[in-house]
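Here's a quick briefing to read alongside the model. Take a look at the structure first, then we'll go through a helix pair and a strand.

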Amino acid sequence: MQVDFYQLTRDPAEKILPVIAQRVLDDDGRLLIVSDDSAQLDAISSALWAAKADSFLAHNMAGEGEDTLQPILLSDNAEAANKARYVVIADGNWRPIEKDFDRIFYLFPPSHTDNARAAWRSLSEGVERRYWKQDGGKWVQGP
């Protein structure tokens, strides 16, 4: 499993999530996006609908339709009813992940840096960790 820590210093989660979601879908994957903040989930949903000028990224809120059919499922818990192998923790609140995902994207603002450090240390051996930060308009891997 791989965990990517994304420190959001410039853009909010809803701005970068369409890019992550598109990459997952391009690889024929499914994505679960988790947040305890319903307003944030609504903003993410709007961003996914408006991600492309000529299309959208198909998704739904958990419990509002056929969860198992959704390529992207937005939820307040980390249960992948859509059988996603990729999960995004969008609200900056690290939570234990019960299911083995192939990849976890942990998005956190600077105010959650201590939480991110604790999460980094709590990961077991064999978990590949990567830290990403915004540098202007680009993401760079760094210490």
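In what sense do β2 and strand β5 (residues 86-89) pair, and over how many bridges? They pair in the parallel sense, and four bridges link them. Keep in mind that this is a predicted model.

**Strand β2 and its partners**

- Within the β2–β5 pairing, Leu31 has Tyr86 of β5 as its bridge partner.
- β2 also runs parallel to strand β4 (residues 72-75), and four bridges join these two strands.
- Over on the β4 side, Val34 is matched with Ser75 as its bridge partner.
- β2 itself spans residues 31-34, and both of its faces are covered.
- Leu31 and Ile33 sit on one side of β2, Leu32 and Val34 on the other, and all of them are buried.
- Put together, Leu31 is buried and bridges to Tyr86 in β5, while Val34 is buried too and bridges to Ser75 in β4.

**How α1 and α2 pack**

- Helix α1 covers residues 13-26 and helix α2 covers residues 38-49.
- Their axes lie 9 Å apart, and the packing angle is about 50°.
- That angle falls outside the ranges for roughly parallel, perpendicular or antiparallel, so α1 and α2 count as oblique to each other.
- As for handedness, α1 and α2 make a right-handed crossing.

**What's in the helix contact**

- From α1, the residues involved are Ala13, Glu14, Leu17, Pro18 and Ala21.
- They meet Gln40, Ala43, Ile44, Ala47 and Leu48 in α2.
- Sorted by class, the α1–α2 contact has eight nonpolar residues, one polar and one charged.

Definitions and conventions
Residues are numbered from 1 along each chain as its sequence is written. This is a predicted model: local features need pLDDT of at least 70, side-chain atom pairs count only at pLDDT 80 or more; totals for chains, interfaces and linings use all residues. Side-chain values use heavy atoms; hydrogens and water are left out. Axes are lines fitted to C-alpha atoms, for helices over the stretch in contact, and angles run from 0 to 180 degrees between N-to-C directions. Angles under 35 degrees count as roughly parallel, over 145 as roughly antiparallel, 65 to 115 as roughly perpendicular and the rest as oblique. A crossing is left-handed if the near helix is turned anticlockwise from the far one by less than a right angle, and right-handed if clockwise. Contact means heavy atoms within 4.5 Å. Ala, Val, Leu, Ile, Met, Phe, Trp, Tyr, Cys and Pro count as nonpolar, Asp, Glu, Lys and Arg as charged, and the others, Gly among them, as polar. Buried means under 20% relative accessible area, exposed over 50%, partly exposed in between (1.4 Å probe, protein chains only). Two strands pair if DSSP finds at least two bridges between them.
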